[in-house]
Amino acid sequence: MNAFECLQSLGVDVRALDGGDLVSRSPIDGTELGRVRVADPAQREQTVAASVAAFLQWRRVPAPRRGELVRLFGESVRRHKQALATLITLEVGKITSEAAGEVQEVIDICDFAVGLSRQLYGLTIASERPGHHMQERWHPLGPVAIITAFNFPMAVWSWNAALALICGNSIVWKPSEKTPLTALALASLLDAVARDFPEAPTHLSTVVHGGRDVGESLAADRRIPLVSATGSTRMGRDVAVTVAGRFGRSLLELGGNNAIIVAPTAHEDLAVRAITFAAAGTAGQRCTTARRLYVHASRYDSLVSRLQRAYASLAVGDPRVAGTLVGPLIDATAFEAMQTALADARAAGGRVHGGERVAVPGLDGYYVRPALVEMPHPCAVTARETFAPILYVFRYETLAEAVAGNNGVAQGLSSSLMTRDLMESEWFLSAEGSDCGIANINIGPSGAEIGGAFGGEKETGGGRESGSDAWKAYMRRQTQTVNYSGALPLAQGVQFDVE
Ligand code: UN1
């Protein structure tokens with residue numbers, strides 16, 4: 001299926017796809033896939049106003065009924081999994097299995113949200129006053145803005161959308177400028193389900209295309225109590241400051257600079273597979289991608305030479321072809337950033353293996369051989385996130401030193417330790433160990449399941465999306481005290497008697 005056929009099978013009005021000013025190009029070969037219209041200020045205003053109106057209705061629908069809408073949406077995504085995955089491959093360049101995996105994340109979070117729609121539990125609290133009871137209730141919050149990045153153009157929106165919807169909120173989506181078509185496709189499936197759902201108001205889910213100014217206007221809009229944003233730390237800082245300036249809430253999932261530590265007892269076969277998937281998979285374009293590797297001195301030579309062999313054998317090329325493991329980078333800018341980082345690493349004393357452009361006959365995209373870079377020590381280039389398949393490798397002597405390295409960057413998303421030593425693994429997971437939002441043993445830092453809270457500390461932004469109790473970010477908490485006593489005792493024993 002080509003993009004046009006995918007979109008048609010997903011119910012998108014394809015006539016709307018020419019004449020727009022935002023061009024979607026396939027990273028596979030640079031061809032134009034379609035065009036969409038950027039939302040001008042008047043349309044943005046209309047969209048937010050409509051989203052407020054939708055919220056006012058949707059919040060009155062019982063949560064389990066809201067869950068039913070999400071269940072139907074999840075069913076629709078299941079039925080259209082193939083076309084959605086193909087579209088991700090075409091617009092982002094993911095290999096087929098990873099594209100299908102991303103759609104599976106959408107399905108999984110819908111299932112999770114359906115169950116959750118009957119479990120938005122509050123607490124009951126013992127009151128100190130006789131004849132009183134206290135409780136906490138969770139209420140819908142308002143329209144939620146969802147700003148997403150190109151690299152997970154469906155999954156990250158769905159983590160937010162599924163939870164926001166069951167929590168009683170309307171949603172406004174600003175997808176990446178690089179992936180407008182995947183957004184259109186997924187949103188149109190939701191629209192179709194909502195149209196047939198009696199309690200769903202129109203404009204419950206809306207999409208506004210555009211660049212930075214669109215994101216900024218959502219961040220500044222007082223009618224939007226929560227802005228969930230995924231992307232670079234620079235973008236997140238702007239959003240956070242703007243949203244905080246109006247006392248809104250932001251939920252941020254920003255840059256990662258994730259490390260894997262390979263300890264003396266690590267299982268080598270497992271380590272090689274885990275590292276290669278985490279560092280080279282998705283062409284290094286996950287926020288959870290492994291970017292730094294700390295190898296114990298006793299394992300260094302053997303592991304690094306095995307990794308070099310594994311890297312040299314990786315099939316780089318057309319992501320649509322079975323057997324390809326590494327597809328293209330998203331665009332020329334990503335390729336240039338990768339080459340700049342490799343030059344900086346060389347200048348800092350790094351030994352670079354791989355990293356060169358790979359010619360793929362007939363395909364005018366940016367294909368690269370993933371790079372392994374042996375570094376003498378951490379430095380500026382290894383401290384920054386370059387969204388490309390570059391793995392910086394360091395040698396270490398003590399676990400304390402490796403964990404200090406893991407924690408010694410500004411980002412704090414994900415981390416891994418490969419070990420069969422219980423004391424090491426427990427220490428890594430303890431308060432003294434990894435400082436990241438995600439810490440794994442004997443798996444890489446990427447490929448998280450939706451059931452856990454997803455996000456990281458420090459410059460990763462502190463937000464948690466997806467599983468666990470992440471839903472609480474999408475609701476407002478109200479503490480309620482009810483007096484059924486007929487008297488008016490005051491808390492803390494305060495006396496205030498009036499005639
Ligand atoms: C992202 O790269 O923004 O854990 C999200 C993972 C995926 C999600 C990544 N489940 O790698």
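# Briefing: Phe-73 and the helices of a predicted model

Setting aside neighbours within four places in sequence, Phe-73 touches Cys-110, Leu-189, Leu-190 and Val-193. The structure is a predicted model. Its secondary structure consists of 15 helices and 21 strands. The points below start from Phe-73, move to the pairing of H3 with H5, then to H8 and the whole protein.

**Phe-73**

- Phe-73 is part of helix H3.
- This residue counts as buried because 28 C-beta neighbours lie inside 10 Å, where 20 or more are needed.
- One of its contacts is Val-193; the two residues are 120 residues apart in sequence, yet their C-alpha atoms are 6.1 Å apart in space.
- Another of its contacts, Cys-110, is in helix H5.

**Helices H3 and H5**

- Two packed helices are described by the angle between their axes and the distance between the axes.
- Helix H3 covers residues 63-79 and helix H5 covers residues 96-116.
- Their axes come within 9 Å and cross at roughly 160°, which means that H3 is roughly antiparallel to H5.
- The crossing of H3 past H5 is left-handed.
- On the H3 side, the residues that meet H5 are Gly-67, Val-70, Arg-71, Phe-73, Gly-74, Val-77 and Arg-78.
- On the H5 side, they are Val-103, Val-106, Ile-107, Cys-110, Asp-111, Ala-113 and Val-114.
- By type, the residues of this contact divide into nine nonpolar, two polar and three charged.

**Helix H8**

- Helix H8 runs over residues 212-220, and its buried residues are Val-214, Gly-215, Ser-217, Leu-218 and Ala-219.
- The cover over these buried residues includes two helices, H2 (41-58) and H9 (233-245).
- That cover also includes strand E5 (144-147), strand E6 (171-174) and strand E8 (226-230).

**The whole protein**

- The protein has 499 residues, and buried residues make up 53% of them.
- Along its principal axes, the C-alpha trace spans about 85 × 60 × 35 Å.
- The radius of gyration is 24 Å, close to the 23 Å that the globule rule gives for 499 residues, so the protein is as compact as a globular protein of that length.
- Among contacts in the protein with a separation of 6 or more, 72% join residues 24 or more positions apart.

Terms used: Residues numbered from 1 in each chain as written. Predicted model: local features only at pLDDT ≥ 70, side-chain atom pairs only at ≥ 80, totals over all residues. Axes fitted to C-alpha atoms, helices over the stretch in contact; angles between N-to-C directions. Helix = DSSP H or I, 4+ residues; strand = E, 2+ residues; numbered from the N terminus. Parallel < 35°, antiparallel > 145°, perpendicular 65-115°, else oblique. Left-handed = near helix turned anticlockwise from the far one by under 90°. Contact = placed C-beta atoms within 7 Å. Nonpolar A, V, L, I, M, F, W, Y, C, P; charged D, E, K, R; others polar. Rg over C-alpha atoms; globule rule 2.2 N^0.38 Å. Buried ≥ 20, exposed ≤ 12 C-beta atoms within 10 Å, placed from the backbone.
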